[in-house]
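Grab a pencil and try these exercises before reading the solutions. Each one starts with a task and then walks through the answer.

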Amino acid sequence: MDGLILINKKQGCTSHDVIVEIRKILHIRKIGHFGTLDPLATGLMLVAVGKATRLFPYFSKADKLYNGQIRLGISTDTYDSMGKPISREKKELPEKSKILEAIKEFEGAIDQIPPPYSAKKYRGKPLYTLARKEKEFELRPSQVFIHFFKLRKYHPPLLDFEVKCSSGTYIRSLAQDLGQILGCGAHLSTLTRIEVGSFKLSNALSLEEIKKFSGNGRTEHFLIPLEFLLPQFPKIILKETCVPLVKNGNMVSNGDIVRAIHQDSSKNSSISQEQETIFRLFSLDGKLIALAKKIPDKNILHPFLVIS
């Protein structure tokens, strides 16, 4: 079994808990996720099964869309509602106009320091293990990109928001930093991941639903096959004699191609006409064989990731 599962994670469980449960349901060991969700957070998780785990680089960097709620007036050590207060509660809270002005400072490329209680590694160890042991360590900022940070509703001390951001962005840090700018302190109260790249929460299933479909042998209701993944890369259908060669890492020339299919149209094409640098290589029976890159200034493809 190989492919992608869209999971609607419930609050309270970790991303690792989800993986453990999927392994139990499917009786498959080779399972991983393409992006952690905190225990507090709910929403969309991309879970890879079997050979789909090898596609991690093409999903882990996808932009993400969230909505949630920030609680103004008090900061916590974890930057969310699961942590301990580290400041006295402030009753005097900013006006809506000041909040709108402040969140504009977060849009675009920004440097962000991750929460001390997070899975980010410091010298090979997750930060949360060091924080729990009260070890001292220096957090370095990472550059992330915020496409937009919108205030949806303000009902003091709570503000509802929506944010679209690059991979690696910590929404908890956004809440913490917003509280610092406003001068009143803040922490993340709730969070739901709505989108990861082109995948949407509306198409995700709960673990209970996955278990039910799997028990009935209806995997087609939750598993997206390898062949439907990465549609942004052109599809190259190979001659039957070329497939075993590709599996051994051999180059692909125009003479090895039956057809090239683009995302927006279907047409016969040679490698030299392609503008993209990555291609999906398929067998005649529709199986994804490999990903390949075009060799600059040459009409050949080099398989760099053999799937099948």
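The exercises below go from the whole chain to single residues.

A word on the ground rules: this is a predicted model, where local features need pLDDT of at least 70, side-chain atom pairs count only at pLDDT 80 or more, and totals for chains, interfaces and linings use all residues. Residues are numbered from 1 along each chain as its sequence is written, and side-chain values use heavy atoms, with hydrogens and water left out.

**Exercise 1. Sum up the whole protein.**

Step 1: take the secondary structure. There are six helices and 19 strands; helices (H or I, at least four residues) and strands (E, at least two) are DSSP runs, numbered from the N terminus.

Step 2: check burial. Of 308 residues, 47% count as buried (under 20% relative accessible area, with exposed over 50% and partly exposed in between; 1.4 Å probe, protein chains only).

Step 3: look at the surface. The accessible area is about 16,200 Å², and carbon and sulfur atoms hold 48% of that (Shrake-Rupley method, 1.4 Å probe; for residues, only the protein chains shown count as cover).

Step 4: turn to contacts (heavy atoms within 4.5 Å). Among those with a separation of 6 or more, 64% are between residues 24 or more positions apart.

**Exercise 2. Work out which strands pair with E3, and in which direction.**

Step 1: locate E3. It spans residues 42-49, and eight of its eight residues are buried.

Step 2: count bridges (two strands pair if DSSP finds at least two bridges between them). Strand E1 (residues 3-9) runs antiparallel to E3, with seven bridges. Strand E2 (residues 31-33) is also antiparallel to E3, through three bridges. Strand E10 (residues 186-196) runs parallel to E3, with two bridges.

Step 3: pick out partners. Val47 of E3 is the bridge partner of Ile5, and His33 stands opposite Val47 too. Thr42, for its part, is partnered by Thr192 in E10.

**Exercise 3. Find the residues with the most contacts inside the largest nonpolar core.**

Step 1: fix the term. A nonpolar core is a set of buried Ala, Val, Leu, Ile, Met, Phe, Trp, Tyr and Cys residues joined through side-chain atoms within 4.5 Å.

Step 2: read off the answer. The largest core has 48 residues, and Ile5, Ile22 and Ile70 have the most contacts inside it. Apart from that core lies another, of 24 residues, including Leu55, Ala62, Ile278 and Leu305.

Step 3: zoom in on Ile22. Leaving out residues up to four places away in sequence, Ile22 touches Ile5, Ile7, His27, Ile31, Val47, Leu207 and Ile210.

**Exercise 4. Spot the backbone oddities.**

Step 1: recall the background. Most residues other than glycine have a negative phi, and most peptide bonds are trans.

Step 2: look for a cis bond. One joins Pro156 and Pro157, with omega about 5 degrees. Pro157 is in the loop between strand E8 (142-155) and strand E9 (158-165).

Step 3: look for positive phi. Tyr79, not a glycine, has phi near 70 degrees; Tyr79 sits in the loop between strand E4 (64-72) and helix H2 (96-103). Leu230 has a positive phi of about 55 degrees, and its loop runs between E12 and strand E13 (235-238).

Step 4: buried or exposed? Tyr79 counts as buried because its relative accessibility is 14%. Leu230 is buried as well, at 4%.
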